[in-house]
Amino acid sequence: MWFRSPSVRYPLGMARAANVPCWIACAFALAAGLLGPASAAERQATFADVEKVLRSHCVRCHGGEIASGGLRLNSFENVIKGGISGAVVVPKSSKKSLLMARIRGEGGKPQMPMGFTALSMREMDLIADWIDAGALAKGAATKHWAYVKPFRPAVPTTRTKGWVKNPIDAFVLARLEKEGLKPSPEADRTTLIRRATLDLTGLPPTPEEVDAFLKDKTPSAYERIVDRLLASPHYGEKMALPWLDAARYADSNGFQQDGDTFQYVWRDWVVSAMNKNLPFDKFTMMQLGGDLMPGVTQATREGRDAIIATAFNRNHMLNGEGGAIPEEQRNVGLFDRVDTTSTVWLGLTMACTRCHDHKYDPLSQRDYFSMMAYFNNVPESGVPEGGGQYRVGSPWVYAGDDAQMKRLFAMEARMGAVKGPDAEKLKKDVDDLKAQLPRVMVMSDRRPRETHVLNRGNYEEPLEKVEPSSPELIAVKAGKSRLELAKWIVSAENPLTARVQVNKYWQTFFGQGLVKTPENFGVQGSPPSHPELLDWLATEFVQSGWDVKQMHRLIVTSATYKQSSKTNATLEKRDPDNELLARGARFRMPAMVLRDVALSSSGLIDLRIGGKPVYPYQPKGIWDGLSITLERDFAYPQSHGRDLYRRSLYTFWRRTAVPGNIFDAATRQVCTVRESRTSTPLHALTMLNDPTWVEAGRALAERVMKASKSADERLVLAFRLVCARTPDKGELDIMRRRLLATVAYYRARPSEADAYLSVGESPRDRSLNQTEHAAYATVCHMVLNLDEAMTRE
């Protein structure tokens, strides 16, 4: 008997181990509440279950290329076929099956897998149960769940009435009822507006917004909040953050020279596309093949946008070091495009097939290079060009505003008709204008090349020639161009794309996806916690016309999302990671958002959208280690004025020295789709000492001191500006005591007060009492460092 619920024990295995009848073990488990009302289908092991175990433990020696003892365990057919010693599985008799004898270490022979960790009792029992049930393929194919096209499951009915707000809740509640659990109560309204505002814009709500929501008693009050946030221009900025990580976006090439680029133009396109709610299928086609769309030309704004969108696959690192071999580096870039495209859209670990067939998933080395063929026609050398600060790799396009581009095209049109001195002057005018314009690295197919499978991934050892083609694991094939590849990726027949995307959206709002490994939907990845919900969301996404904002609205208006994040002893024991979704999500906000929250709460933030990257405060000498030649000056060019307080999205991102106060962000050297969380003490040290937070505390103090003459009102406002809610009596008392203590401290040390208030470049209001200002700044800085201030709950 096999129970697949992750929260149960496995009585059959215990029965075998303890030599007691299976029904007794089951009875004890039922009495203890360890077994839910599992269906008959869930109690029956299938080869799909067995295959995951075999691929995890066995195929490294019994896989595609390697077949120790002539035995391959990488497919149903091969398991049944057996090896040199004959059949290893005797259907309906695990005791007579050689496979079971070897993995248990019976018969006087070494236990398999030899030299590696043995299978767990649970895994052994799973294989035994499958054999005893007849060792059947069970139709579904022996296909891994992610490679089967999702069907739209029926929305389940539930016993609990009145909780379900939309179909998401029905799937979640059905699972909770099955587990004998109940959902948590809805979070209080202040928590809800803070949660939604942070999730959808990356900024905290203002006290005025909170008060208005608390006063609005209409049934649709929360939905109107969500609609306002979805329409905010800051929505696109927040949603761009994970996409930039996935696209390995940076403002420099990486490696020793680490030349600066103009890829920020693509970043601004992403923000704009998110704000316009560009359907995800078009968003995909423009980034993978926008230059190949019908009618696209640089002469129109729409055409330039389509071309600029393809910078997605030019965001990879470029090696400008003197010893770099251009063709080798060109292939490194090609590998990156395959790896990134397959991870971002398909959740496949294609990188594993660069040197050999995949050990776990049905992906071949030929699949890898057939996919690489789509990206192999770019007229590029593999190394960046130009000297000094900017080093850009061909091909690229100019990306000025509409007026600049209209003027440029008009001058180029005149070039052929002008002769003599006028031609020289016109050429100088054209060159001067071009020098002012950013050059964005983009895709192009202007240089057709042959593509070959490379022996062990070595560009100097080409093998058989391949044509552009999508992986064989999906029956429907893509056409021969990048645009056709993009259309295949978002086709209704592709089982992966919609699942992968809605899972990443879930990760955005719940801290982790329904599949905890967004980078790997393959056999080695985590199975979905709610497979029917994942499939319903995927099919809903496609049926909506790939409407991203609609999907986000559906998630954040669900009762599941609106639950309180408070836990209890039962949930801590049964579901510490909240996979069952019996409570709201609670997690540390990313460092980039924490900086924006500090700037916003203090009133320092500059909310301009788009533009060139800026250089906020960084530790002294952060780039000094890059100055190993005299070719360029790597002194950090700190910004001044308004640029110091722009959102973190616009911070210059140098690949060789990422911003020092961003601890949990991706390096942007390679594609990253799983969010990282950190509680490193260095992060706390930064928030307590970094000029950004010290200055924010000072500006916040000035803001509240000017708002009221009452000490309590000032302290309450400071707390609300950061945490949204009003502090309780005990918290306010702590703040009062801290204020009085720091007033006394700075009254006796006026020079320290002056020094503390001098941190940061924003002008200080010297009409405020210096001692009081320093004391309030200390308390406000303390509030910015509260666990609650750093936590989205």
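Tutor: Let's start with a term: a nonpolar core is a set of buried Ala, Val, Leu, Ile, Met, Phe, Trp, Tyr and Cys residues joined through side-chain atoms within 4.5 Å. Keep in mind that this is a predicted model.

Student: Okay, so which residues touch the most other members of the largest nonpolar core here?

Tutor: That would be W243, W266, W269 and L537, in a core of 167 residues. Take L537: leaving aside residues up to four places away in sequence, it touches I168, V502, W506, L514, M551 and L554. There's also a second, separate core, with 23 residues, including F47, V50, L71 and L99.

Student: And gaps? How many cavities of 30 Å³ or more does a search of the whole structure find?

Tutor: Seven. A cavity is where a probe fits but cannot get out. The largest holds about 60 Å³ of space.

Student: What lines the largest cavity?

Tutor: You'll find W506, Q512, G513, L514, K516, S529, N578, E579 and L581 around it. Sorted by class, that's three nonpolar, four polar and two charged residues. Two of those names should ring a bell: W506 and L514 are also among the contacts of L537.

Student: Which elements give two or more residues to the lining of the second largest cavity?

Tutor: α25 (591-602) and α32 (787-790), with α25 giving the most, three residues. This cavity has about 40 Å³ of space, and its lining is L594, V597, A598, M687, W693, L784, A789 and M790. By class, that makes eight nonpolar residues, no polar and no charged ones.

Conventions
Residues are numbered from 1 along each chain as its sequence is written. This is a predicted model: local features need pLDDT of at least 70, side-chain atom pairs count only at pLDDT 80 or more; totals for chains, interfaces and linings use all residues. Side-chain values use heavy atoms; hydrogens and water are left out. Buried means under 20% relative accessible area, exposed over 50%, partly exposed in between (1.4 Å probe, protein chains only). Contact means heavy atoms within 4.5 Å. On a 1 Å grid over the protein atoms alone, a cavity is a set of points where a 1.4 Å probe fits but cannot get out, and a pocket is an open set with protein on both sides within 12 Å along at least five of seven lines; lining residues have an atom within 4 Å of a point. Grid points are joined across faces, edges and corners, and a volume is the space filled by probe spheres set on the points. Ala, Val, Leu, Ile, Met, Phe, Trp, Tyr, Cys and Pro count as nonpolar, Asp, Glu, Lys and Arg as charged, and the others, Gly among them, as polar. Helices (H or I, at least four residues) and strands (E, at least two) are DSSP runs, numbered from the N terminus.
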